Amino acid sequence: MKKLLKILDLKLETIPGINIVTAIVLVAHIGDIKRFHNADKLAKFSWIEPVNFSSADTGIKEGNS
């Protein structure tokens, strides 16, 4: 796994909280990262995109009563 990450030169394991196993799982899940035109598309694919829980009609946001 270390050799594969070195060949791919992604340096994912330099991100705090990402170890080699997690980095390999990310590579397996994402595949060729170049297929995503921007970070938003990658986030949406990976189900990690930010979600807005506010209401346009009332201005009430999650956590407010």
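Trainee: What volume does the largest pocket have in this model?
Mentor: The model is a predicted one, and the pocket was found computationally on the protein atoms alone. For the largest pocket, the volume comes to about 240 Å³.

Trainee: Which residues that line the largest pocket are the closest to its centre?
Mentor: The lining of the largest pocket is made up of 13 residues. Of these, the closest to the centre of the pocket are Leu10, Val27, Ile30, Gly31 and Ile33.

Trainee: How do the residues of that lining divide into nonpolar, polar and charged, and how many are nonpolar?
Mentor: In the lining of the largest pocket, two residues are charged and one is polar. The remaining class is the nonpolar one, and the number of nonpolar residues in the lining is ten.

Trainee: Which helix gives the most to the lining of the largest pocket?
Mentor: The protein chain has three helices and zero strands, and along the sequence these follow the pattern α-α-α. The helix that gives the most to the lining does so with three residues, and it spans residues 20-30, which identifies it as helix α2.

Trainee: Which residues make the nonpolar surface patch of about 370 Å²?
Mentor: One member, Leu4, has its place in helix α1, which covers residues 2-8. Residues of a patch need over 30% relative accessible area, and Leu4, with a relative accessible area of 40%, is partly exposed. The patch as a whole is made by Leu4, Ile7, Leu8 and Leu10.

Trainee: Which side chains meet in a salt bridge, and at what N to O distance?
Mentor: The structure holds one salt bridge, and the cut-off for such a contact is 4 Å between the side-chain nitrogen and the carboxyl oxygen. The partners are the side chains of Lys11 and Asp9, and their N to O distance is 2.5 Å.

Trainee: Where is Lys11 found, and is this residue buried or partly exposed?
Mentor: Lys11 lies in the loop between α1 and α2, where Asp9 is found too. Phi of Asp9 is near 55 degrees, a positive value in a residue other than glycine, and Lys11, also not a glycine, has a positive phi of about 55 degrees. Because a residue counts as buried only under 20% relative accessible area and as exposed over 50%, Lys11, at 47%, is partly exposed.

Trainee: What percentage of the residues in the protein chain is buried?
Mentor: The protein chain has 65 residues, and the cut-off for a buried residue is a relative accessible area under 20%. Among the residues of the chain, the buried share is 17%.

Key:
Residues are numbered from 1 along each chain as its sequence is written. This is a predicted model: local features need pLDDT of at least 70, side-chain atom pairs count only at pLDDT 80 or more; totals for chains, interfaces and linings use all residues. Side-chain values use heavy atoms; hydrogens and water are left out. Patches are made of residues with over 30% relative accessible area and no salt bridge: like charges are joined within 9 Å, nonpolar side chains (Val, Leu, Ile, Met, Phe, Trp, Tyr) within 5 Å. Accessible areas come from the Shrake-Rupley method with a 1.4 Å probe; for residues, only the protein chains shown count as cover. Helices (H or I, at least four residues) and strands (E, at least two) are DSSP runs, numbered from the N terminus. Buried means under 20% relative accessible area, exposed over 50%, partly exposed in between (1.4 Å probe, protein chains only). On a 1 Å grid over the protein atoms alone, a cavity is a set of points where a 1.4 Å probe fits but cannot get out, and a pocket is an open set with protein on both sides within 12 Å along at least five of seven lines; lining residues have an atom within 4 Å of a point. Grid points are joined across faces, edges and corners, and a volume is the space filled by probe spheres set on the points. Ala, Val, Leu, Ile, Met, Phe, Trp, Tyr, Cys and Pro count as nonpolar, Asp, Glu, Lys and Arg as charged, and the others, Gly among them, as polar.
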